[in-house]
Amino acid sequence: RHYWNGSSWNAQDELVVQLPAQITGSTGTILWSYPGSLPAHSAPDLTGILDGAVFTIALQAKDNAGNLETPTTAQATLDRDGPVVAVSTPMANYPNYGAARTLATLTGVASDSPAGVSRVEVQIQDISDTDIGSPMWDGAAWGVYASTYLVATGVNPWSLPAPTTWKNNKQYQVTARAYDLAGNPSASNP
């Protein structure tokens, strides 16, 4: 265990450091923050700490009469990495679809640890018609847009209804991206 002393990590396991908190309000429910604008205090430096590290925060308040409340603790897990997302259908190694082999639903998977996946978004682009700006599917029609990511149903697996108006003899690109519950994005996966 290591304890934050206000400016650096303390490597002495047995030395618990009590830090002041900046408070707003004086009666009823008050808000607190750390480090706020407290002089000589900074937020903990997370450089070199691996994702998945668990931090415990212990809180104890004292009222104006000097009474201490029963301490409470909360845990937070460090998560800076986004999820992994993949497209299963259409299949990259067998990409030709048409009347004999229809493509009604786009599918894939996404995973993330420790936070878990919040949502998957999918963009479908006609990359054959570059002369008219590479149209994208907006969920109802093809159009030229800066971006048209649509939210898929589910996350692992995820699915999205395919366009109802595929154009014959065109090449399309399906790009999926995901976000975890900590807000971290994945790398896009075409």
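Let me start with the open sheet, which has three strands in the order E7-E8-E13, paired antiparallel, and I should say at once that we are looking at a predicted model. Strand E7, residues 84–89, and strand E13, residues 158–161, stand at the edges with a single partner strand each, so one side of each is left without a neighbour in the sheet. If you compare neighbouring strands of this sheet, they are turned against each other by 25 degrees on average, with direction ignored.

Taking the two pairings in turn, E7 is joined to strand E8, residues 105–111, by five bridges, and the two run antiparallel. One residue to keep in mind on that side is Thr 89, whose bridge partner in E8 is Thr 107. On the other side, E8 and E13 are joined by four bridges, again in an antiparallel arrangement, and here Thr 105 has Pro 161 of E13 as its bridge partner. As a reminder, strands of a sheet pair through backbone hydrogen bonds, either parallel or antiparallel.

How do the side chains along E13 alternate? Trp 158 and Leu 160 point to one face and are buried, whereas Ser 159 and Pro 161 point to the other face and are not buried. That pattern is what one expects in general, since in a regular strand the side chains alternate between the two faces of the sheet.

Now to the backbone around these strands, where two cis peptide bonds deserve a look. The bond from Thr 89 to Pro 90 is cis, with omega near 15 degrees, and Pro 90 sits in the loop between E7 and E8. So that we can connect this with the sheet, recall that Thr 89 is the residue bridged to Thr 107 in E8. The other cis bond joins Asn 156 and Pro 157, with omega about 15 degrees, and Pro 157 is found in the loop between strand E12, residues 150–151, and E13.

There are also residues with positive phi that are not glycines. Ala 40, in the loop between strand E4 (31–33) and E5, has a phi of about 65 degrees, and with a relative accessibility of 74% Ala 40 counts as exposed. Asn 169 has a positive phi near 60 degrees; this residue lies in the loop between E13 and E14, and at 79% relative accessibility Asn 169 counts as exposed too.

Let me turn to the aromatic rings. The count of aromatic pairs comes to six, and the pair I would pick out is Trp 142 with Tyr 172, which is tilted, with 5.3 Å centre to centre and 35 degrees between the planes. This pair links distant parts of the chain, given that Trp 142 belongs to strand E11 (residues 142–143) and Tyr 172 to strand E14, 30 residues apart. Trp 142 has a relative accessible area of 17%, and because the cut-off for buried is under 20%, Trp 142 is classed as buried. Beyond this one contact, ring pairs link Trp 137, Trp 142, Trp 166 and Tyr 172 into a cluster.

Finally, the pockets. What is the volume of the largest pocket? The value is about 1800 Å³, and the lining is made up of 39 residues, with Leu 19, Trp 32, Ile 57, Ala 58 and Leu 59 nearest the centre. Strand E1 (3–4), strand E5 (54–59) and strand E6 (72–77) are the elements that give two or more residues to this lining, and E5 provides the largest share, six residues. By class, the lining of the largest pocket holds 24 nonpolar, eleven polar and four charged residues.

Leu 19 itself is placed in the loop between strand E2 (9–10) and strand E3 (22–24), and at 31% relative accessibility Leu 19 counts as partly exposed. Its C-alpha atom is separated by 6.9 Å from that of Gly 6, a residue 13 positions away along the chain.

The second largest pocket contains about 670 Å³ of space. Of the 23 residues that line the second largest pocket, Pro 95, Tyr 97, Leu 103, Lys 170 and Tyr 172 are the closest to its centre, so here we meet Tyr 172 of the tilted pair with Trp 142 again. Strand E14, residues 172–180, gives the largest share of this lining, three residues, and by class the lining has 13 nonpolar, seven polar and three charged residues.

Notes
Residues are numbered from 1 along each chain as its sequence is written. This is a predicted model: local features need pLDDT of at least 70, side-chain atom pairs count only at pLDDT 80 or more; totals for chains, interfaces and linings use all residues. Side-chain values use heavy atoms; hydrogens and water are left out. On a 1 Å grid over the protein atoms alone, a cavity is a set of points where a 1.4 Å probe fits but cannot get out, and a pocket is an open set with protein on both sides within 12 Å along at least five of seven lines; lining residues have an atom within 4 Å of a point. Grid points are joined across faces, edges and corners, and a volume is the space filled by probe spheres set on the points. Ala, Val, Leu, Ile, Met, Phe, Trp, Tyr, Cys and Pro count as nonpolar, Asp, Glu, Lys and Arg as charged, and the others, Gly among them, as polar. Two strands pair if DSSP finds at least two bridges between them. Axes are lines fitted to C-alpha atoms, for helices over the stretch in contact, and angles run from 0 to 180 degrees between N-to-C directions. Rings of Phe, Tyr and Trp (its six-membered ring) pair if their centres lie within 6.5 Å; planes under 30 degrees apart count as stacked, over 60 as edge-to-face and the rest as tilted. Buried means under 20% relative accessible area, exposed over 50%, partly exposed in between (1.4 Å probe, protein chains only).
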